[in-house]
Amino acid sequence: MKLEIKDLVVQVEGKDILKGVSLTIEKGQVHVLMGPNGSGKSTLANTLMGHPAYEVVSGSLLLDGEDITDLDPDKRARLGLFLSFQYPKEIEGVTLANFLRTAYNSLHEDNPKSMVEFHKYLKEQMALLHIDSAFSRRYLNKGFSGGEKKRAEILQMKVLDPKYMVLDETDSGLDVDALRVVSEGINTMRGPEKGLLLITHYQRILDYVTPDVISILKDGEIVKTGDASLARKIEEQGFDKVISGE
Ligand code: ADP
Ligand code: MG
């Protein structure tokens, strides 16, 4: 079982951003995607989720063998795909708990949870992530610190329990404590039935989340793939040196 990206060419506003990207996220694995700013990492994440601004010119996306290239974002989510955004939105007047229940029930239309059932479930998930239960009564992302936004995202991921997760720079701008919470949350999602694509600019989060595979994207192309040791090399030598050869 896997999420496959095959020869993907993507345009944004008529410009080629991804120039034939192939990448496989196997269940049971954490696949890390690194690369310099502007290399197309967020473009890949947005394309995976079916964002309308990103036009797939050629290539395909397969989720456990099913072609999802032309599916709407909500259908992808129903098949078990989850994307955390680099810049989450604020929504006033909607509590995190209500937002999460709506999201959960829209993915489980055949078996929705009542208010009482959902709150019990939510409390359990929050306890697993060591998040205080008062947090879920706050308005979504309103006045959240950077760390709290990321925590809310990790909670959303935990509650929705997707098969494949794409986390776009979930680690950026976090202090060490928030980074630890987020990393622990990610680690609780690991398992034989889960595949994770962790997009990051920095090696830092990899001190807490051990990757199985690392790929490097540059100018819309995968230029290198390796194991966890590749991240250390990047930290020591920088992207350019690692990409241009040992
Ligand atoms: P990364 O996440 O690796 O920093 P991005 O995927 O955000 O890279 O950006 C790759 C390139 O695509 C950049 O040149 C960026 O300006 C362009 N791009 C991405 N999204 C958009 C968009 N919505 N509109 C216009 N250009 C975009
Ligand atoms: Mg990005």
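**Exercise 1.** Leaving aside its neighbours within four places in sequence, with which residues is Thr69 in contact? Place Thr69 in the chain and decide whether it is buried or exposed.

*Solution.* The model is a predicted one.
- Step 1: beyond four places in sequence, the contacts of Thr69 are Val56, Gly59, Ser60, Leu61 and Arg76.
- Step 2: Thr69 belongs to the loop that runs between β5 (66-67) and α2 (73-78).
- Step 3: buried means under 20% relative accessible area. Thr69 has 11% relative accessibility and therefore counts as buried.
- Step 4: from Thr69 to Gln237 the C-alpha to C-alpha distance is 37 Å, with a separation of 168 residues in sequence.

**Exercise 2.** Describe how α4 and α5 pack, and state which residues meet.

*Solution.*
- Step 1: α4 covers residues 115-128 and α5 residues 146-160; their axes are 10 Å apart, at an angle of about 125 degrees.
- Step 2: angles over 145 degrees count as roughly antiparallel and those from 65 to 115 as roughly perpendicular. The angle here makes α4 oblique to α5.
- Step 3: the two helices cross in the right-handed sense.
- Step 4: α4 contributes Phe118, Tyr121, Leu122, Gln125, Met126 and Leu128, which meet Leu155, Lys158 and Val159 of α5. By class, this contact between α4 and α5 has seven nonpolar residues, one polar and one charged.

**Exercise 3.** Give the strand order of the six-stranded open sheet and identify its edge strands.

*Solution.*
- Step 1: the order is β6-β7-β8-β3-β9-β10, and the pairing is mixed.
- Step 2: β6 (81-84) and β10 (221-226) each pair on one side only, and these are the edge strands.
- Step 3: from one strand to the next, the twist averages 20 degrees.

**Exercise 4.** In which sense does β9 pair with β3, and in which sense with β10?

*Solution.*
- Step 1: β3 (residues 30-34) and β9 (residues 213-218) are parallel, joined over four bridges. Within β9, Ile214 is the residue opposite Val32.
- Step 2: β9 and β10 are antiparallel, with five bridges. Lys218 has Glu221 of β10 as its bridge partner.
- Step 3: two residues lie between the strands of the β9 and β10 hairpin, where Asp219 adopts a positive phi near 45 degrees.

**Exercise 5.** Which strands does α1 lie across, and which does α5 touch?

*Solution.*
- Step 1: α1 (residues 41-49) lies across β3, β6, β7 (164-168), β8 (195-199) and β9, and runs at about 140 degrees to β6.
- Step 2: α5 packs on the sheet and touches β6 and β7; the directions of α5 and β6 make about 175 degrees.

How values were computed
Residues are numbered from 1 along each chain as its sequence is written. Chains are lettered from A and ligands numbered from 1 in the order in which they are written. This is a predicted model: local features need pLDDT of at least 70, side-chain atom pairs count only at pLDDT 80 or more; totals for chains, interfaces and linings use all residues. Side-chain values use heavy atoms; hydrogens and water are left out. Axes are lines fitted to C-alpha atoms, for helices over the stretch in contact, and angles run from 0 to 180 degrees between N-to-C directions. Angles under 35 degrees count as roughly parallel, over 145 as roughly antiparallel, 65 to 115 as roughly perpendicular and the rest as oblique. A crossing is left-handed if the near helix is turned anticlockwise from the far one by less than a right angle, and right-handed if clockwise. Contact means heavy atoms within 4.5 Å. Ala, Val, Leu, Ile, Met, Phe, Trp, Tyr, Cys and Pro count as nonpolar, Asp, Glu, Lys and Arg as charged, and the others, Gly among them, as polar. Two strands pair if DSSP finds at least two bridges between them. Buried means under 20% relative accessible area, exposed over 50%, partly exposed in between (1.4 Å probe, protein chains only).
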